[in-house]
2 protein chains.
Amino acid sequence: MADDEGPVRSITDLARIAGVSVSTVSRALTAKGALNKETRRRIQELAAKHGFQLNVAAQNLRLGRTGAIAVLLPLGHERGQHLSDPFFMAMLGFLADELTERGYDLLLSRVLPDGDDWLDNFIRTGRVDGVIIIGQSDQSAVLDRTAERYGPLVIWGAHAAHYRYLTVGTDNQAGGALAARHLLEKGRDRLAFFGNVAVPEFAARYEGFLSALPADMRGKVDLVHAHVTPEASHRVAADYFVAGHRPDGIFAASDVTAMSVIAAAAEQDIRVPDQLSVVGFDDVPLAQLANPPLTTVRQDIRQGAHLLVDLLCRRLAEEDTASVQIAPELVVRESS
Amino acid sequence: MADDEGPVRSITDLARIAGVSVSTVSRALTAKGALNKETRRRIQELAAKHGFQLNVAAQNLRLGRTGAIAVLLPLGHERGQHLSDPFFMAMLGFLADELTERGYDLLLSRVLPDGDDWLDNFIRTGRVDGVIIIGQSDQSAVLDRTAERYGPLVIWGAHAAHYRYLTVGTDNQAGGALAARHLLEKGRDRLAFFGNVAVPEFAARYEGFLSALPADMRGKVDLVHAHVTPEASHRVAADYFVAGHRPDGIFAASDVTAMSVIAAAAEQDIRVPDQLSVVGFDDVPLAQLANPPLTTVRQDIRQGAHLLVDLLCRRLAEEDTASVQIAPELVVRESS
DNA sequence: GCGCCAAAAGCAAACGATTGCAATTTTTTC
DNA sequence: GAAAAAATTGCAATCGTTTGCTTTTGGCGC
C-alpha cells in the first residue's frame with residue numbers, strides 16, 4: 001500500500017491517510033455517534049495496522065475528566081512503614097484490579113498529613129476523578145470537612161454515625177466481640193489488648209472486645225499501646241512481658257502486632273497457645289504461616305475493595321450511597 | 001473586594017479577574033519567562049486566594065508528556081496473590097516516595113501477560129512517560145524486544161549479559177552464595193533449595209547457591225519447585241517433609257517460602273534451627289517476627305527503588321545508563 | 001523633546017481529542 | 001422521477017495550557 005505517510009501520532013494523521021475527516025475517525029474509534037459500519041471497520045483496521053491508539057490525555061482533557069482514581073494512604077499516626085503492612089498491599093492489589101476493570105487508572109500516593117488542607121490541595125490539583133482513602137488515621141475532621149463539598153470520596157475504615165463521609169469497612173466492633181468470645185471459650189480470663197486506640201478502627205475493635213466480656217472482666221483488661229510497625233510493636237510486647245505481665249489471652253489489633261506478641265512471648269519462654277492464646281486481626285496471607293499459625297479475625301479485603309470502587313462509581317454517577325460494613329469472620333488456627 | 005466573578009476554574013478566569021492576559025498568568029504561575037516581579041507576586045497571591053491550581057492534564061497535553069510513571073507487575077508465573085507479597089509492597093511504597101519527590105504520579109497496574117504485545121500495547125496508550133517493571137517474570141523476550149525501541153523502561157530484577165534492557169536488582173548470585181556459605185559454616189551438608197527456577201531471579205539465587213558449595217555437594221542439593229504464594233509453597237513443603245525428606249539446611253528463594261518451610265517443618269516436629277537451618281531471601285519486615293526469627297539475605301529495597309527511579313529519569317533525559325546490581329547482605333537471626 | 005532599547009504584557013496558534021450542527025449523500029415514499 | 005426523510009460525513013469551536021512572536025510601555029541618553 002502507498003499509505004506510508006510517516007508515523008501516525010494523532011487522529012489527524014490517521015484521518016489524512018484514511019481520506020476522511022478527524023470527526024469521522026474519532027467516531028469510528030470511540031464507537032460513538034452514527035457512522036457507516038463499513039467506514040468504521042475500515043478505519044479501525046487502519047488504526048490497528050498502524051498501531052494507533054487514542055491519546056488518553058487529550059481525550060480526558062476534552063471530556064473534562066482524568067480517567068484516574070487516587071488511592072491515598074495517610075500516614076497520620078505511623079510515619080514509618082505503613083505501606084509495608086501486608087494488609088495495605090493486599091487491598092491495593094484488589095483495588096488495582098477493580099479499577100482497571102472499570103477503565104480507571106490507579107494513582108498511588110502516600111501522604112503525610114500536615115495541617116488541615118492536604119486533602120483539599122490534592123483534590124484541587126484535579127489530577128483524579130475520585131479519591132479512595134485507605135484508613136482515616138487521625139484525619140477524621142479533615143475528611144468530614146472535605147466530604148461536605150466533594151462527592152467522589154470513599155474511605156476504607158471504621159464507621160461512626162456522626163461521620164459525614166462515606167466509609168467501607170469491616171465491622172470492627174463485631175470483630176472485637178468475636179475475638180473476646182473466642183478467648184472466653186478457651187477459658188482465658190486474664191486478658192490484654194494490644195493496639196493504638198487513637199486509630200478509630202483499632203478503638204472500635206477494642207470497644208467490641210470489651211463489650212463482649214462479662215462485666216467483671218472488663219475493667220481488668222490490660223490496654224497496651226502498640227504501634228503498627230513490626231519493630232515498634234515487638235519492642236512494646238517485649239517490654240510488657242519483661243515487666244512481668246502474664247496474661248493468658250491477648251487480642252492484637254492486627255496480625256502484624258499479633259506476630260510481634262508471639263515473637264516476644266517466645267523470647268520469654270511463654271508458650272503459645274499453651275500458656276497464652278493470641279488472636280490477631282486481618283488474616284493477612286502470612287498469618288497461616290506464622291508459628292504457630294495465627295488465629296485471627298478475617299477481613300474480606302477483596303470484597304472491601306470491590307465495595308469501595310463500586311460506591312465510588314455510584315458517587316461519580318451521582319447515585320445514592322450509604323456506608324457499608326462488612327461482617328468479619330473468626331479464623332481459628334493454632335495460636336489460641 | 002469586588003473580584004467575585006464566579007468560580008475560578010481556568011487560567012482564563014484568573015486572567016480576567018487579574019485584568020491581564022492568559023499568557024501573563026501562565027508565566028506568573030510557572031515561574032517561566034520574563035515577567036515583572038510585582039505582577040507575578042500579585043497573580044500568585046490571587047491564585048492562592050481563589051484556591052486555583054493549574055490543570056495538570058492540560059499542561060501535560062500541551063507539554064507533550066503525561067507526568068506519570070507506570071509501575072507494572074507482570075504476573076507471568078503466578079497468577080495468584082503476587083501483589084500480596086510483602087516484598088512488592090515495600091518496593092511500591094518506596095517507589096511512590098521517590099516518584100512523588102520528582103513530581104511524577106505513580107500509575108499502578110498489574111498485568112497478566114498474554115501474548116507478546118501487552119507491553120507495547122500499554123506503552124502505545126501513551127498514558128505514561130516511562131515504565132518501571134517489577135520482576136521480569138517469564139517475559140524476558142518481550143522486554144528485550146520493547147527495549148529496542150522504547151527508551152524509558154527500567155526493570156527490577158536479575159541481570160544477564162545478553163539482556164538488552166536496563167535492570168536494577170540485587171546480585172542474586174552473590175546472595176545465593178552468601179546463603180550457601182552460611183549453611184556450610186553451620187555444618188549443614190544435606191541441603192535443599194526451595195523455589196521456582198523458571199523465574200530468572202530465583203534461578204540466579206540457586207545458581208549462586210550451588211556455585212559456593214564444594215563440588216561434591218553440588219550434585220546432591222534437592223531442588224524443590226515451590227511457588228511464591230504462601231498457600232502453594234506451604235503445600236509443597238508439607239508434601240516434601242511428609243515424603244520423608246530430611247535435609248538439615250534449606251535455602252528458600254524468598255522469605256515467604258522460608259516461612260512456609262518452617263511452618264511445614266513444625267508440623268512434622270522438625271525443630272528449627274536444631275535439626276534444620278532455614279535461610280530466606282528478601283528480609284521483609286515480617287521476617288524478624290517469624291518464629292524463630294528468620295535468617296535471610298537482605299535486599300536493600302529502598303536503594304533499589306531509588307536507583308530505579310534515578311535510572312529512569314536519566315533515560316528520560318537521554319543520558320547514558322547502565323544496569324546496576326546491589327550487593328545483598330546476610331542477616332543472621334535464629335532460624336539457622 | 002526625540003529616538004532607542006529593554007522589559008513587560010498580549011496575541012494567537014498549537015497540543016489531540018470530542019461533538020453540536022450543517023452539509024452532503026443515500027434511501028424511501030408516493 | 002422528485003421531494004422528503006434518513007443516514008453519513010465534515011466543519012469548526014472547544015477543553016486549559018504553553019510559547020514564539022509582536023506590540024506596548026517606560027526609562028534613558030543626548
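A residue counts as near a strand if its C-beta atom, placed from the backbone, lies within 6 Å of that strand. The model described here is predicted.

**DNA strand D**

By class, the surface near DNA strand D consists of 12 nonpolar, 14 polar and five charged residues. There are 31 residues around DNA strand D, and those that come nearest are S23(A), N36(A), I11(B), S23(B) and N55(B). Both protein chains supply elements with two or more residues on this surface: α2 (22-30) and α4 (56-63) from chain A, and α1 (11-18), α2 (22-30) and α4 from chain B. The most is given by α2(B), with six residues.

**Contact between chains A and B**

Chain A and chain B each put 46 residues into their contact. On the chain B side, the elements giving two or more residues are α4 (56-63), α5 (86-101), β2 (105-111), α11 (230-242) and α12 (255-267). Of these, α5(B) provides the largest share, nine residues. The residues on this side of chain B comprise 25 nonpolar, 16 polar and five charged.

The two chains are also joined strand to strand. Strand β2 (residues 105-111) of chain A runs antiparallel to β2(B), with three bridges between them. In one of the pairings, L108(A) has L106(B) as its bridge partner.

The class counts for the two surfaces are set out below.

| Surface | Nonpolar | Polar | Charged |
|---|---|---|---|
| Near DNA strand D | 12 residues | 14 residues | five residues |
| Side of chain B that touches chain A | 25 residues | 16 residues | five residues |

**Domains of chain A and helix α8**

Chain A is divided into domain 1 (11-63), domain 2 (68-170 + 301-326) and domain 3 (172-298), so that domain 2 is assigned in two segments. The C-alpha centres of domain 1 and domain 3 of chain A are 59 Å apart.

Helix α8 of chain A covers residues 172-185. The helix has 14 residues, and at 1.5 Å a residue, counted over one less than the number of residues, the expected span is 20 Å. The end C-alpha atoms of α8(A) lie 20 Å apart, which agrees with that expectation.

How many of the 14 residues of α8(A) are buried? The number is 11, so the helix is largely enclosed by the rest of the structure. A residue is counted as buried when 20 or more other C-beta atoms lie within 10 Å of its own. The buried residues of α8(A) are N172(A), Q173(A), A174(A), G175(A), G176(A), A177(A), L178(A), A179(A), A180(A), H182(A) and L183(A). After α8(A) comes G187(A), with a positive phi near 80°.

How values were computed:
Residues numbered from 1 in each chain as written. Chains lettered and ligands numbered in written order. Predicted model: local features only at pLDDT ≥ 70, side-chain atom pairs only at ≥ 80, totals over all residues. Contact = placed C-beta atoms within 7 Å. Helix = DSSP H or I, 4+ residues; strand = E, 2+ residues; numbered from the N terminus. Nonpolar A, V, L, I, M, F, W, Y, C, P; charged D, E, K, R; others polar. Pairing = 2+ DSSP bridges. Buried ≥ 20, exposed ≤ 12 C-beta atoms within 10 Å, placed from the backbone.
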